[in-house]
Amino acid sequence: MTVITPGIDFLLRGGFSYIFPSVVFAIVLNHVSYSNGIPIPTVALVLIGLFATPAYAFVRVYTSEWKTRREARRLGVRLIPRVKGASVGNLDVLRKLMRNSENGYPGDGSASFIKEYGPIVDLHILWDYAVVTVCPEHIKAMLAKDFNNFEKGARLSSPSSVLRSFTEIEYLPQGQDFRTNMNSVLGTGVFNSDGDMWKFHRSMTRPFFSRDRISHFDLFDRHAEIVVQKMRERSREGLAIDFQDLMGRFTLDSATEFLFGSCVYSLNGRLPYPYDKQLLHYSDSHPSEEVAEKFAHAFLEAQRIISSREQLGWVWPLTEIWGDKTKEHMKVVDAFIAPIVKDAVKKKRLADEEKGTIGVAKQQNDEVADDETLLDHLVKFTSDPVVLRDEVLNIMIAGRDTTAATLTVILYFLSTHPAVFARLRNEVIEKVGTSRRPTFENIREMKFLRAVINETLRLYPIVPFNVRTSIQPTVWTSPDPTEKPLYIPAKTKLSYSVMLMHRRKDLWGPDAEEFDPDRFLDARLNKYLIPNSFAFLPFNAGPRICLGQQFAYNEMSFMVIRLLQAFDSFALDEDAQPPHTKPNPAWKHDVGTRKGMEKFFPKVGLTLYAHGGLWIKTQEATE
Ligand code: HEM
């Protein structure tokens, strides 16, 4: 059993990375001085040792910068425009970004530099590249055209090349990357791997998502019915409901059922009340579902912790000096999943025995029966319990919050745009009626519904910021065709924001900040999106495009249809919102921007969410 916590590991490695070059330098100097008969005083040796590491780092940064400039000159290209901050190492830029991520409107930090320097900018924090781009052509290069030259995992969150040089060369706190932040929860799966490991996971999982399945509609229907019932109950009490919390439960129950066939029934727990009423959580759920309830709670907590690790960046281990905060929660998660995985493996073995295929090498089997869960599908490829557990958890993380948050923002827009609500409700009633269960064909035919979902994903793509790291040096086209192309050095961290790109007026028109689903239906579609499809990327693109895209459209469409059949109005209840989670009143001064219009506080953890929830009041339909 290991007793090294993430924090102690970080300190040991960090300390070692600082001390190692100093000690080596001091020993060599001491040896040389003695062999030449010129002894160096101990104080001088200590001082030299102390400054050896920063001096070494400085030389490394300086030479690497010099090489980069020389290479760019040789290729006849230029460096990415670099922010000139007011303080050393651009610490003021870092402070601005951190302040904004704590309390600001998402993206404002980078947006201010993009406005000043152009759609690709190097924030250059602590002498290290910190590139942000909002150019479709650059995002296309990373995700599709030059896919093999960019990876996800080597996400160096250390903002400093001083530290980075040691992380790579002295193989020290190498772990402060995306994978490490996630590892204690996700292990290794499709969402959290690169290279051959990613290919293995992707090819094993993809067939499961390759077609629409009736069984998924059965389960959406069961859970959607409980959602509607809970909303009716709350409406009859005359109180608001936190729609975000409700959708988190809806997607958790649906996901656990279709992933491993064992629903956690989080919708059966008691729902939170507005902030000035008593807040109750999960307390009076089905006693028979106790293990499942604990799982749901532990899983949400573990997710919350890895999301705060992402927010804290490379220093997160310092908040876990005394222990890995996810450990206890993951014990509960594993206690729930392990027997389910064991059962699935056993079921498969018995079936193989019956068919006489036991011991026959596992083969790629792309056939997926209609009622198969993801786990049933995966055991055809492997019986390794760790691979199986990691993969289902990866899909759960990738698929649950994203869909719940998008549904939340859809409802926000429907609550604040009555004309859109009325038109969408007409479409629902016309195509499906007031009570019938929607079919795949209905959903395919409902063009306005698809436009509402896409417009929501345009303004609030649930993964608003993402990152890749270059493997080899490369050259990107300049956003300004009159200027030279741009040089991208190897191992450069490249952030991209689809959210900021989705709001660019030159790509979407002068009304880019307005919520207007018609832009996906009228002449603007041909003018803006069709000629430039990489300008809209809520699900990413290329070989790593979201595996659950179709599933998500189906699940969200189904839920929205059921809601619009049951209710004929939604309204935000601003009084129910915890006061500290209301949008900052100063935002209103940004007239004509999304930020200035917003009546909820969007925040970004692993994915985007409504700070403090989305509290709405509903009115039951009378038809
Ligand atoms: C509105 C809903 C959703 C949105 C906006 C969304 C968005 C995304 C995005 C942007 C990525 C790329 C992440 C990256 O490479 O850095 C992604 C990947 C992924 N998504 Fe989704 N997603 C949604 C729903 C789902 C659902 C419902 C599932 C499964 C049930 C799912 C499964 C996955 C998986 C497995 C990946 C990893 C693919 C890979 O790396 O090869 N997603 N999603």
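Me: Let's start with a helix pair. Are α9 and α10 roughly parallel or roughly antiparallel to each other?

Reply: Roughly antiparallel. Keep in mind as we go that this is a predicted model. The general idea is that two packed helices are described by the angle between their axes and the distance between the axes. Here the pair is helix α9, residues 214–236, and helix α10, residues 243–260. Their axes come within 10 Å and cross at roughly 155 degrees. Angles over 145 degrees count as roughly antiparallel, so that is the label α9 and α10 get.

Me: And is the crossing of α9 and α10 left-handed or right-handed?

Reply: Right-handed.

Me: On to backbone angles. What is the phi of His-124?

Reply: General idea again: most residues other than glycine have a negative phi. His-124 goes the other way, with a positive phi of about 40 degrees, and it isn't a glycine. To find His-124, look in the loop between β1 (120–122) and β2 (131–133).

Me: Is His-124 buried or exposed?

Reply: Buried. The test is a count of C-beta neighbours within 10 Å, where 20 or more means buried and 12 or fewer means exposed. His-124 has 21 other C-beta atoms in that range, so it counts as buried.

Me: What about the phi of Lys-491?

Reply: Positive too, at about 55 degrees, and again this is not a glycine. Lys-491 also sits in a loop between strands, β7 (486–488) and β8 (493–497). Its neighbour count is 17 inside 10 Å, so Lys-491 is classed as partly exposed.

Me: Now the ligand. How many residues surround it, and which are the closest?

Reply: There are 22, and the closest are Ala-398, Gly-399, Thr-402, Cys-546 and Gly-548.

Me: Which helices each supply at least two residues of that shell?

Reply: α14 (385–416) and α21 (549–566). α14 gives the most, with six residues.

Me: How do the shell residues divide into nonpolar, polar and charged?

Reply: Twelve are nonpolar, seven polar and three charged.

Me: Where does UniProt place the feature "binding site"?

Reply: At Cys-546, in an unreviewed entry. That residue is also on the list of those closest to the ligand. Cys-546 lies in the loop between α20 (523–529) and α21. With 19 other C-beta atoms within 10 Å, Cys-546 is partly exposed. Ala-535 is found in the loop between α20 and α21 as well. There the count is 21, so Ala-535 is buried.

Me: What does the UniProt annotation "transmembrane region" cover?

Reply: Residues 12–32 and 38–59, from an unreviewed entry. You can check what an annotated span looks like in the model: residues 38–59 are 82% helix and 0% strand, and the end C-alpha atoms lie 27 Å apart.

Me: Last topic: separation along the chain against separation in space. How far apart are the C-alpha atoms of Gly-7 and Glu-320?

Reply: 5.0 Å, although the two are 313 residues apart along the chain. Gly-7 belongs to helix α1, residues 6–35. It has 18 other C-beta atoms within 10 Å, so Gly-7 is partly exposed.

Me: How far apart in space are Glu-445 and Leu-126?

Reply: 52 Å, C-alpha to C-alpha, with their positions 319 residues apart in sequence. Glu-445 is in helix α16, residues 440–445, and it is partly exposed with 15 other C-beta atoms within 10 Å. You can try the exercise on Ala-535 and Ile-226 too: they are 309 residues apart along the chain, and their C-alpha atoms are separated by 37 Å.

Me: And how far apart are Leu-91 and Phe-113, in sequence and in space?

Reply: 22 residues in sequence and 14 Å in space, taken C-alpha to C-alpha. Leu-91 lies in helix α3, residues 91–103. Its count is 14 other C-beta atoms within 10 Å, which means Leu-91 is partly exposed.

How values were computed
Residues numbered from 1 in each chain as written. Predicted model: local features only at pLDDT ≥ 70, side-chain atom pairs only at ≥ 80, totals over all residues. Near = placed C-beta within 6 Å. Helix = DSSP H or I, 4+ residues; strand = E, 2+ residues; numbered from the N terminus. Nonpolar A, V, L, I, M, F, W, Y, C, P; charged D, E, K, R; others polar. UniProt positions renumbered as here; feature names shortened; annotations may be inferred. Axes fitted to C-alpha atoms, helices over the stretch in contact; angles between N-to-C directions. Parallel < 35°, antiparallel > 145°, perpendicular 65-115°, else oblique. Left-handed = near helix turned anticlockwise from the far one by under 90°.
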